[in-house]
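Student: Hey, could you walk me through this structure? I'd like to know which parts to trust and how the pieces pack.

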Amino acid sequence: MACTTATGCQSTCYKNEEDDHQATPTPTPLTNSTKSPQPNPIPNGNHHGLCLKCKANHPISSASSGSGDDVRFCGDCFRSNLYGKFRLAVTSNAMISPTDKVLVAFSGGTSSRVALQFVHELQYKAQLNFEASRDRSLPVFGVGVAFIDESVACSVPSYEVIEGIEDIRQIVSSLAPPTKELLVFPIESLFSSTSTDGKDQLNRLLDGVTDATGKEDLLIHLRMLSLQKIAAENGYNRLVLGSCTSRIASHVLSATVKGKGYSLPADIQYVDARWNVPVVLPLRDCLSEELNMLCDLDGLKTIELIKSPCAGINSLVSSFVKLLQEENPSRQSTIVRTAGKLTPFDFNRIPEIIDTNVPLATRRRQKRYNLKPNESISTESFCPICNSPLSKSEVLSSTSVEDSHKDSHLFRVECCSSCQFQILPKDPISVDNFYMLLPQPLVSKAKHSKSDNLSILREQIEDCLLSDSEDET
Ligand SMILES: [Zn+2]
Ligand SMILES: [Zn+2]
């Protein structure tokens, strides 16, 4: 089975290893698809071997072969429970409204496969409601699917890429009606319109990063930049990611290790509107084990095109978090809940709808959760590489640099300290080369942020500034 994303061994990399050890008393993974036709021999709790919810059907697995939801619920109840978590996240955070055009980022892994499936089900139900309603006033939101082809950075043979994309095309076309558009974007297109030049530039840029984790993270940032680019260019106003509890728990720990504590609360909320196209995480409350199990149960096809490199902080942390989860099934949720207590940023909410085509009820409901009209979306400034909000000290150090310096030097000081340490080369000549190779959207973002930073700083010290007239007297 596929790894959930290209960035970490989240869930199933160690599956085979563990399957070999089933005789040992260690808990077996939930992905174990052994389905027991027999009632549970040892009554689990007080439900006498029946599903805890409907108390009529047998659970998916028996107590001896599973642990968790597969022992508690039958297939139907498990499925509706998981979909319920997704739906609750969508509605209570006003993630999708009827006039939206939603782009689902699909990597081929189990998490994004389930995200795609659930968004499709939501859209399908909206379509049925639309057809059943007399006045047909409530439009049905649009859905598209984006696949970022990173094979050039991971040297995957081209025939595998072609097969993989064909499989994705089939998955997307099977999710109709309503029909969904598939956008395939080779990551090298960020750099140049000609494929060979783009590939060359991307690989030279990645080669310039000596640290394994830095290289992996840079690729993650380029992936997000690609998703934003195609979403904006194709008229989408929401980007759905399949990030689940397990993925977010790993991110909490790895971001802490990388010294990104200040910006961490920005990354782990249901909504992240610091981007042009706001990003939403409707699977934030679902565990990767649950998503794997749903794919097993329903035969949802996944594709592993990009094999994750198993070196560096990200994958180390992922396997550590997976071990924690095996010891105690609630560990990942505890990590995310604990980090969730950090104060989110202003941009961790969907900007309010002003569109009058949207029914008043939707707008009203959204108002409860979101920005008031007089609040601006954000007064933060951001790292041009990873788009993390910068702490005050980082902003100060970037604005204290004189404009007479080279662009590459100015760029360096605008980056967050973590990117400076892990991604940017150390010596000035290599920074020059690195800067020259960056894709245009990233460089232009950096140029804007410089002037933004100055105006934010000015706002902060406004009371202490002399006005022109005061100056003269
Ligand atoms: Zn049931
Ligand atoms: Zn950064």
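Tutor: Sure, we'll start with confidence, then go through some helices and a few odd spots in the backbone.

Student: Anything I should know before I start reading numbers?

Tutor: This is a predicted model, so local features need pLDDT of at least 70, side-chain atom pairs count only at pLDDT 80 or more, and totals for chains, interfaces and linings use all residues. Residues are numbered from 1 along each chain as its sequence is written, while chains are lettered from A and ligands numbered from 1 in the order in which they are written.

Student: What's the mean pLDDT of the chain?

Tutor: The mean is 83, and 76% of the residues reach 70 or more. pLDDT is the predictor's confidence in each residue, from 0 to 100.

Student: Where does pLDDT stay under 50?

Tutor: One stretch is residues 1-46, for which the model has 107 contacts beyond four places in sequence. Another is residues 371-377, with 10 such contacts. Two residues are in contact if their C-beta atoms, placed from the backbone, lie within 7 Å.

Student: How many helices and strands are there?

Tutor: The chain has 20 helices and 6 strands. These are DSSP runs numbered from the N terminus: helices are H or I with at least four residues, and strands are E with at least two.

Student: And how much of the chain is buried?

Tutor: Buried residues make up 42% of the 473 residues. A residue is buried if 20 or more other C-beta atoms lie within 10 Å of its own, exposed if 12 or fewer, and partly exposed in between, with C-beta atoms placed from the backbone. On contacts, residues 24 or more positions apart account for 73% of those with a separation of 6 or more.

Student: Ok, helices. How do α4 and α11 cross?

Tutor: The axes of α4 (residues 110-132) and α11 (residues 288-298) come within 9 Å and cross at roughly 65 degrees. That makes α4 roughly perpendicular to α11. Axes are lines fitted to C-alpha atoms, for helices over the stretch in contact, and angles run from 0 to 180 degrees between N-to-C directions. Angles under 35 degrees count as roughly parallel, over 145 as roughly antiparallel, 65 to 115 as roughly perpendicular and the rest as oblique.

Student: Which residues meet there?

Tutor: From α4 you have T110, S111, R113 and V114, and they meet S288, L291, N292, L294 and C295 in α11. Those residues divide into 4 nonpolar, 4 polar and 1 charged. Here Ala, Val, Leu, Ile, Met, Phe, Trp, Tyr, Cys and Pro count as nonpolar, Asp, Glu, Lys and Arg as charged, and the others, Gly among them, as polar.

Student: Is α11 mostly covered or mostly open?

Tutor: α11 is mostly covered, with 8 of its 11 residues buried. The buried ones are S288, E289, E290, L291, N292, M293, L294 and C295. What covers them includes α2 (69-72), α3 (75-92), α4 and α9 (245-257). Just after α11, G299 takes a positive phi of about 60 degrees.

Student: You mentioned α2 and α3. Where is C74?

Tutor: C74 is in the loop between α2 and α3. It is partly exposed, with 19 other C-beta atoms within 10 Å. Leaving aside neighbours within four places in sequence, C74 is in contact with C51, C54, N57, H58, P59 and I60. C74 and L52 are 22 residues apart in sequence and 8.2 Å apart in space, C-alpha to C-alpha.

Student: New topic: how do α16 and α18 cross?

Tutor: The axes of α16 (residues 407-414) and α18 (residues 428-437) come within 9 Å and cross at roughly 90 degrees, so the two are roughly perpendicular to each other. D407, S408, F411 and R412 in α16 meet V431, D432 and Y435 in α18. By class, that contact has 3 nonpolar, 1 polar and 3 charged residues.

Student: What about those odd backbone spots?

Tutor: Most residues other than glycine have a negative phi, and most peptide bonds are trans. A cis peptide bond joins A176 and P177, with omega about -5 degrees. The bond from P177 to P178 is cis as well, with omega near -15 degrees. P177 lies in the loop between α6 (158-174) and β3 (181-186).

Student: And which residue has a positive phi although it is not a glycine?

Tutor: K55 is one of them, with a phi of about 50 degrees. K55 counts as exposed, with 11 C-beta neighbours inside 10 Å. R136 has a positive phi near 50 degrees, and its place is in the loop between α4 and β2 (142-149).
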